[in-house]
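Please open the model in your viewer and keep the selection tool at hand. Each stop below gives a stretch to select and then describes what is found there.

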Amino acid sequence: MTKLPSIGQPINRLEGVQKVTGTAKYSGEYNVDNLLYGYVVNSTITKGKIKSIDTAEAEKLDGIISILTHENQPSTAWFDLQYADMDAPPGTVFKPLKDNEIKYNGQPIALVVAETFEMARYAAHLIKVVYTEEEFSTDLSGNKGKAREPKKGLASMLKPPPPKPKGDFGKAYQASFAKIESDFTHGTEHHNPMEMFATTVVYEGKEKLKIYDKTQGTINSQMYVANVFGLKMKNVQVIAPFVGGGFGSGLRPQYQLFMAVMASLKLKRNVRVTLDRAQMYTFGHRPPTLQTTKFGADENGKLNAAYHKAIGETSQFEDYVETVVNWAQMLYPVENTLLEHELVPLDVYSPLDMRAPGGSTGMHAIEITMDELAYKLKIDPLELRLINYSDIDTTSGKEYSSKELKECYLQGAESFGWKNRNPEPRSMKRGNKLVGYGMATGIWEANRLLARAEITMTKDLKVEIKNAVTDIGTGTLTVMTQIASDELGLPIEDITFLYADSKMPFAPIQGGSFTVATVGPAVQEACRSMNKRLFNKAKVLKNSPLAKAKFKEVIFDQGFIILKSDLNVKVSVKQIFEENNLKATQTTSTAMPNPLRHGKKARAVHSAVFVEVEVDEELGMIEVKRAVTAVAAGKIINPKTAESQILGGMIWGISKALHEETILDNRFGKYMNANLAEYHIPVHADVQDLKAIFVKEDDNFVNDLGVKGIGEIGIVGMPPAIANAIFHATGRRIHNLPIHFDQLI
Ligand code: MOS
């Protein structure tokens, strides 16, 4: 039995054993009866039209059930209507097999359905497609002159546009004692979760579907299928109990879902469509981005002018926006700012949120510019951050609900040994290697949305709680169980959190680091409402010792309702069930931020990152020897799963700084390294001494739990801290990502 309180304990993931023993089932692993297998054919050109698509040879093979193309695809409801999923940018959602038009390289153009996956894949290669090619462009740098403001769509409160200019940037910059102007380039990246995108559709008759989908939002996929195929919501159930990594790739319904449902409805059969690794590069990515910064400061290091412009890529059909340039004035109290974000539409698929979308891109530029300013002013980079410290978000003038970033700087620096740094570049050596120390700040939003939760308690005091949220590997199941445990005063063993099913009460997509702050309060509220119900029944028991008590005067502990002021006065919850002749009781609650209150303060999580690199100039190697990230993110429910989130983000930061990039050959409009052999990510040898520190941060404003969210903050400050450490080691300032050794020569 685990001890109470559960919150704060480093409890192992409740589904951990299932995951490491292979009994956890992923969406492509449900072996239902009479299953058919689909394999997707993708366009080999980038732009143009399909002139003809010849499936005759493929159809001749035994075991081929159907080949669906734009010519014979069954009509779907949505071709007549505009439907936007929960993470859709302004524009028109891509419609697979709509017509013969090719919009991007790798676009799905046909689905082969066969008795086996292998047959389907083999047959797919026998399909002959003749195209009429048209001119295209996929080159961001070559087209940056065409950058324009993004179209406005449904205003997404999660993706605020750049704030309006403040003060007079031009004048203030001109007058600045120290000025830094820099350009940054940032490559394309793909999410590459371990689990391939897959959907298994169980045809339950009469257009009723049970769907196992790889997704970060069961209700998002359910709404998509119901709208696109004109089905009743109640006839579409989407389930995703295990998700083998999301990182944003599952925030939108992907085309394998469309394909599998289309085939299932047409054939009235169970169908599974699984993508392969190369196909994982055909539905969204972190966009390449060009940035320019101009920061001006006075002789004491106080920032007085900041310009930050980003030019990002988007598709021809949607305007993908992310928050790239808003961060400098959220972090630093700078009074004269000009912040701009523009897009260049190119012949690619729409970019897609990828861990800390925009933040990890923008903070790279901001925090390198700050380092350059520190060198120019001969001020220690950490000192420069402290000189420009503020408890207020300069954008709105609002105070942060909590901001323990100063503690992050201090504890991080202490743990890392920042004071041992000799500021002179190329001054620190270990053997024949150059050693560099670099630091950077991280920031991410602390958002919260609406969620609902249902709770059922049975007379043996076992509890089930339901919510449609997924667990993309972050520990959601474990953390929600901990929250319920404390609220009910019952051990986690007695609580079952049921989740990842669209039939359960509402949860938004799992992303943006807002899951615990959104679903957590719903779970807490459901438990409270159960407690209130039990308390009201306790009061009216015959000779109840709690007859005169008020709800706030009692606690719930191990199956008893106890008077706080006299712990001997209590009522057994089991007795309440018995005397009321109840087998079980159930209630559902909604939790959302109070709209009148929520906007009164600025809300963000912060981090301070310290990195040591070694550069071997003879062998051409850059190694991140150690890194410390100190995080202020409110209450940490589970230090173990939280640490994993931060370490995972830090490793991704190493990857972003030194390894990963999808290379697009602009002559073909095609990603050339769509595989894990050539898409480089860190291996064990690249991941050395990493440490995450959680700084104590009390926040009773964001929600009653005081949680803010830690999914994205781990990655944000790492790339600039690494780039700054490389500068310190070598004296070379590299402004693009990823950094390869040849740029240091
Ligand atoms: Mo995250 S990019 O919000 O899954």
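The tour goes from the annotated stretch to the sheets and helices. Bear in mind throughout that this is a predicted model.

**Stop 1: the annotated stretch**

Select residues 21-135, where UniProt, in an unreviewed entry, places the feature "domain: Aldehyde oxidase/xanthine dehydrogenase a/b hammerhead". The C-alpha atoms at the two ends of this span lie 50 Å apart, and the span is 11% helix and 31% strand.

**Stop 2: a sheet of seven strands**

Next, display the open sheet whose seven strands follow the order β3-β5-β1-β11-β8-β9-β10, with mixed pairing. At its edges stand β3 (64-69) and β10 (236-239), and because each has a single partner strand, one side of each is left without a neighbour in the sheet. With direction ignored, neighbouring strands here are turned by 20° against each other on average.

Within this sheet, select β1 (residues 35-42) together with β5 (residues 108-114), which pair in the antiparallel sense over six bridges. To find one position in this pairing, pick Gly38, whose bridge partner in β5 is Val113.

Now add helix α5 (residues 218-229), which packs on the sheet where it touches β9 (209-213) and β10, its direction making about 145° with that of β10. Helix α6 (residues 255-267) also packs on the sheet, touching β1, β3, β5, β8 (198-203), β9 and β11 (270-274), and the direction of α6 makes about 155° with that of β11.

**Stop 3: strand β7 and its partners**

Move to strand β7 (residues 178-186), which runs antiparallel to strand β12 (residues 289-297) and is joined to β12 by nine bridges; here Ala178 has Ala297 as its bridge partner in β12. Then select strand β31 (residues 736-737), which pairs with β7 in the parallel sense over two bridges, with His186 standing opposite Leu737 of β31.

**Stop 4: a sheet of four strands and two helices**

Select the open sheet ordered β21-β20-β19-β25, in which four strands are joined by mixed pairing. Its edges are β21 (495-499) and β25 (584-591), each with a single partner strand, so one side of each is left without a neighbour in the sheet. Strand β19 (residues 451-458) runs antiparallel to β25 and is joined to β25 by eight bridges, and in this pairing Ile455 has Thr587 as its bridge partner in β25.

Two helices belong in this view. Helix α12 packs on the sheet and touches β19, β20 and β25, its direction making about 140° with that of β25, while α11 lies across β20 (463-467) and β21, running at about 135° to β21.

How do the axes of α11 (residues 476-488) and α12 (residues 515-539) cross, and at what angle? They come within 9 Å and cross at roughly 30°, which makes α11 roughly parallel to α12, and the crossing is right-handed. Among the residues that meet are Val479, Ile483 and Glu487 in α11 and Val519, Val523 and Arg528 in α12. The residues of this contact divide into 10 nonpolar, five polar and two charged.

**Stop 5: helices α15 and α17**

Finally, select helix α15 (residues 639-658) and helix α17 (residues 718-730), whose axes come within 8 Å and cross at roughly 55°. The two helices are therefore oblique to each other, and α15 passes α17 in a right-handed crossing. To see the contact, show Met650, Gly653, Ile654, Lys656, Ala657 and Leu658 of α15 with Met718, Pro719, Ile722 and Ala723 of α17; these residues divide into eight nonpolar, one polar and one charged.

Key. Residues numbered from 1 in each chain as written. Predicted model: local features only at pLDDT ≥ 70, side-chain atom pairs only at ≥ 80, totals over all residues. Axes fitted to C-alpha atoms, helices over the stretch in contact; angles between N-to-C directions. Parallel < 35°, antiparallel > 145°, perpendicular 65-115°, else oblique. Left-handed = near helix turned anticlockwise from the far one by under 90°. Contact = placed C-beta atoms within 7 Å. Nonpolar A, V, L, I, M, F, W, Y, C, P; charged D, E, K, R; others polar. UniProt positions renumbered as here; feature names shortened; annotations may be inferred. Pairing = 2+ DSSP bridges.
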